[in-house]
Amino acid sequence: MEKWVYTFGDGRAEGSAADKNLLGGKGANLAEMCNLGLPVPPGLTIVTTACNHYYDNGRALPAGLKEQVREALRQMEAITGRTFGDTAKPLLLSVRSGARASMPGMMDTVLNLGLNDRTVEALGHDAGDARFAWDSYRRFIQMYGDVVMGLDHEVFEEILEDEKGRLGHEQDTELSAVEWQHVIARYKEVIREELDEEFPQDPEVQLWGAIGAVFASWMNARAVTYRTLHNIPAVWGTAVNVQAMVFGNLGNSSATGVAFTRNPSTGENKLYGEFLVNAQGEDVVAGIRTPQNITEEARIASGSDRPSLEKLMPEAFAEFRGICDRLEQHYRDMQDLEFTIERGKLWMLQTRSGKRTAKAALKIAVEMAEGGLISEGEAVSRIDPASLDQLLHPTIDPRARRDVIGSGLPASPGAATGAIVFTSEDAVQAQEEGRKVILVRIETSPEDIHGMHAAEGILTTRGGMTSHAAVVARGMGTPCVSGAGTLRVDLRNEMLVAQGVTLRKGDVITIDGSSGQVLKGEIPMLQPELSGDFGRIMEWADRTRRMKVRTNAETPADARAARSFGAEGIGLCRTEHMFFEGNRINVMREMILAEDEAGRRASLAKLLPMQRSDFVELFEIMHGLPVTIRLLDPPLHEFLPKTDEEIAEVATALSIDEAVLRHRVDTLHEFNPMLGHRGCRLAISYPEIAEMQARAIFEAAVEAAKTTGAAVEPEIMVPLVGLKAELDYVKARIEAVAKAVIAESGVPITYLTGTMIELPRAALRAHVIAESAEFFSFGTNDLTQTTFGISRDDASAFLSTYIQKGIVEQDPFVQLDFDGVGELIRIAAERGRRTRNDLKLGICGEHGGDPASIHFCEDAGLDYVSCSPFRVPIARLAAAQAAFSSKG
């Protein structure tokens with residue numbers, strides 16, 4: 001028979017901390033503490049696989065589970081000297097959840113289980129405290145009625161508040177045993193009236209109702225949301241921990257509390273926590289009473305006049321402090337602990353690695369490494385790379401009140417406050433006037449780049465995590481919420497309608513790009529802070545990692561920011577973004593509208609010095625580091641006006657007839673531009689464009705090498721290649737220009753020509769393409785689109801449903817699809833290097849800044865990842881963790 005239940009108690013346990021996947025985090029750590037000989041109330045753990053069975057079989061419990069639970073209860077009874085359901089010395093139970101990943105407060109708990117109208121009398125007699133017994137019984141009815149029977153806890157709170165008011169009491173602790181009995185009678189009455197059933201008196205029925213409720217809570221709305229936000233798979237399931245109750249509400253010699261072995265906000269190496277006298281665990285977190293400080297030092301620092309645990313119960317405190325030190329040394333990490341003191345006797349109810357801020361995580365990891373508790377590599381692996389966003393961007397003060405009016409996707413981290421504007425022109429004007437604004441659009445386009453740069457934050461009602469707004473915002477380090485479909489933008493009347501609230505141009509909103517929330521008004525912020533611990537961890541990370549980390553950048557500001565964050569070159573310079581700056585857009589349009597090659601070359605001659613100066617500045621900033629420049633990629637119609645108003649404006653600026661301009665716009669229109677006339681197809685149709693860009697690159701390399709004294713080795717990337725013949729055609733033009741510039745300047749130029757692998761055909765034919773390509777850069781945004789046949793700009797409409805229904809675990813545009821897209825990358829890498837063993841391999845899609853995807857890149861043997869500037873530290877850390885785990 002399959003083993004569904006593991007026991008612990010009396011210094012022995014059937015499991016250990018190593019069994020976290022089976023026993024859940026709480027169960028595994030209870031077993032571990034028991035094995036260490038710490039004071040742990042005896043109990044049993046129902047394994048996580050029982051939860052999976054429950055859901056796989058129509059919410060039916062596995063055969064044999066009840067018998068195994070009964071046998072485990074007999075062991076608990078033998079240890080405690082109490083009997084479950086007994087009317088003389090009843091054993092009472094707590095029933096708690098326990099997934100392998102900590103999910104604080106997300107699932108359900110029931111305490112004091114086993115109390116009924118008879119056992120409550122026995123408990124009071126045995127404890128010598130009737131008030132305590134009836135208080136415990138009302139807590140049990142309140143919890144069980146809410147968690148198991150489904151009657152909202154507010155119903156019970158209203159009754160309790162009503163009774164306290166009638167009796168003239170302010171605190172729960174003032175009610176007598178008789179008064180609690182009256183409250184309980186009203187509780188039972190409301191259950192009968194609202195649910196048309198009696199509160200169960202059979203302890204066995206109570207137990208299985210609670211176990212079923214814990215399993216059911218694995219799929220409650222808040223648990224599902226938490227798992228989605230923290231990438232916890234539903235298939236992990238939750239364990240159920242059934243444990244003998246110990247009571248912190250058994251008079252003034254009893255207490256309950258929560259503590260951390262170090263400060264979880266700052267990382268300071270001082271015991272941190274709170275407790276309550278004569279209370280149960282939920283009282284500490286419910287905020288009904290103000291908790292007291294555990295240490296005397298903390299009490300003095302807070303200015304509290306209420307005694308600390310250290311002063312009030314010195315013997316229990318000394319034992320607790322010793323256990324804290326022992327557990328931190330044993331687990332080699334900061335611990336989050338729950339404890340109860342029952343009439344002076346200390347009991348440990350939980351230990352787990354404590355959640356902490358990024359600042360605290362850095363400090364704790366550095367101090368533990370320097371103290372010899374963990375290695376430098378372990379210190380690096382302890383930091384969640386994504387948490388570094390807290391250090392690089394302003395964040396909303398967690399104490400601030402949030403007036404949420406809508407939500408979308410957390411497209412670019414950080415928070416921003418500003419007045420609403422609906423056009424890029426208004427954003428630029430506001431910046432010039434010193435006003436902070438949020439650019440609100442239905443969706444953004446490349447023409448919005450100046451407004452996006454001027455705005456404090458960007459909000460769009462359409463688009464996904466890799467939409468234009470999201471990608472550009474991340475590159476600039478600007479907070480962005482995209483795909484906020486619950487909001488409606490009325491551009492004509494300049495209004496934003498959100499949950500019945502109408503906001504107009506000039507009204508102030510705040511966006512939280514880390515959570516996706518849109519908030520009304522100005523919200524207090526916490527400014528980013530980089531500590532010396534950050535620099536130390538990054539130093540260790542750089543010593544550990546194998547892969548290089550480059551940045552995606554095409555502006556000097558982005559390039560400088562990336563260098564300051566430790567970028568080791570540019571992995572993607574998107575040259576099309578450069579053509580939207582200032583007057584360049586009109587010169588670009590002039591080139592597109594030219595009637596013949598001669599006209600195009602005339603316009604390109606005007607663009608050449610602009611491109612050259614751009615590249616010179618980038619080369620100078622990178623000072624000899626590699627710079628990969630992608631030739632023009634998007635279809636030409638993206639540079640042309642779209643609305644009648646824009647067409648009229650551009651026609652006037654270029655002195656051409658509106659009808660001619662409109663005809664050209666219509667001619668260039670494509671039904672599916674992502675798969676249309678773009679990338680290398682443009683360079684083949686209009687080789688003069690690629691020739692101009694190549695000349696700008698080579699002339700800039702010559703100039704920058706002279707000014708910096710550092711050799712420049714540009715890497716020219718030809719986009720959207722599917723055929724070797726395409727690359728050969730464009731490469732020949734590049735080589736011809738290189739020879740010409742070398743001859744004109746008299747300066748030798750070393751350069752590489754390669755391609756972006758963004759089509760499945762290119763991946764499959766990599767061994768052939770590598771005959772011409774000297775490097776591959778995997779453009780995983782488009783490779784994901786072309787592999788799945790999904791438009792990334794439209795995918796947000798259904799991918800959330802796919803995730804919710806378990807069709808996919810992650811958005812493939814956020815985290816690389818390892819099985820499909822990843823397989824193509826592996827194929828291309830292996831086949832490409834079979835042809836050219838020194839083939840340089842990198843990734844430049846958005847996945848280059850995703851920690852899980854970076855782990856894949858390490859495993860696949862790529863040479864570098866490239867990401868937006870503000871994700872460079874994240875990528876450096878993730879690359880080090882990947883290297884550390886691969887050595888592991």
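**Reading rings, backbone and surface**

Analyst: Let's begin with a cluster: Tyr-54, Tyr-55 and Phe-215 are joined by ring pairs. Please keep in mind that this is a predicted model.

User: Thanks! How many aromatic pairs does a search of the whole structure find, and how do I read one of them?

Analyst: A pair of aromatic rings is described by two things, the distance of the centres and the angle of the planes. In this structure, the search gives 16 aromatic pairs. One of them is formed by Tyr-54 and Tyr-55, with 5.0 Å centre to centre and 90 degrees between the planes. Planes over 60 degrees apart count as edge-to-face, and the Tyr-54 and Tyr-55 pair is edge-to-face.

User: Is Tyr-54 buried or exposed, and what about Tyr-55?

Analyst: The idea is to compare the relative accessible area with two cut-offs: buried is under 20%, exposed is over 50%, and partly exposed is in between. Tyr-54 has 8%, so Tyr-54 is buried. Tyr-55 counts as partly exposed because its relative accessibility is 22%.

User: Which kind of aromatic pair do Phe-818 and Phe-856 form?

Analyst: Here the cut-off at the other end helps, as planes under 30 degrees apart count as stacked. Phe-818 and Phe-856 have 15 degrees between their planes and 5.6 Å centre to centre, a stacked pair. This pair links distant parts of the chain, 38 residues apart: Phe-818 belongs to the loop between helix 32 and helix 33, while Phe-856 is in helix 34 (residues 851-860). Phe-856 is buried because its relative accessible area is 6%, whereas Phe-818, at 31%, counts as partly exposed.

User: Rings can also have a charge over them. Which ring does the charged end of Lys-66 sit over?

Analyst: For this feature, look at where the charged group lies relative to the ring centre and the ring normal. The charged end of Lys-66 sits over the ring of Trp-208, at 5.3 Å from the ring centre. Another case is Arg-733, which lies over the face of Tyr-729, 3.9 Å from the ring centre.

User: Now the backbone. What is special about phi of Asn-112?

Analyst: Check the sign of phi, and then check whether the residue is a glycine. Asn-112 is not a glycine, yet its phi is positive, about 65 degrees. Asn-112 lies in strand 5 (residues 109-113) and counts as buried because its relative accessibility is 0%. Glu-494, also a residue other than glycine, has a positive phi near 50 degrees. Glu-494 is placed in the loop between strand 19 (487-490) and strand 20 (495-498), and at 25% relative accessibility it counts as partly exposed.

User: Moving to the surface, which residues make the nonpolar surface patch of about 280 Å²?

Analyst: Residues in a patch need over 30% relative accessible area. Phe-798, Tyr-802 and Ile-807 make this one. Ile-807 is in the loop between helix 32 (796-804) and helix 33 (821-835). With 56% relative accessibility, Ile-807 counts as exposed.

User: Finally, how many helices and strands does the chain have, and why is the chain as compact as a globular protein of its length?

Analyst: The chain has 35 helices and 32 strands. To judge compactness, set the radius of gyration beside the globule rule: the chain has 32 Å, close to the 29 Å given for 888 residues, so it is as compact as a globular protein of that length. The C-alpha atoms fill a box of roughly 105 × 60 × 55 Å along the principal axes. Of the 888 residues in the chain, 57% are buried.

Methods. Residues numbered from 1 in each chain as written. Predicted model: local features only at pLDDT ≥ 70, side-chain atom pairs only at ≥ 80, totals over all residues. Heavy atoms only, no water. Patch = residues over 30% accessible without salt bridge, like charges linked within 9 Å, V, L, I, M, F, W, Y side chains within 5 Å. Areas by Shrake-Rupley, 256 points an atom, 1.4 Å probe, with all protein chains shown as cover. Salt bridge = Lys/Arg side-chain N within 4 Å of Asp/Glu carboxyl O. Helix = DSSP H or I, 4+ residues; strand = E, 2+ residues; numbered from the N terminus. Buried < 20%, exposed > 50% of the residue type's maximum accessible area, 1.4 Å probe, protein only. Phe/Tyr/Trp six-rings, centres within 6.5 Å; stacked < 30°, edge-to-face > 60°. Lys NZ or Arg CZ within 6 Å of the ring centre and 35° of its normal. Rg over C-alpha atoms; globule rule 2.2 N^0.38 Å.
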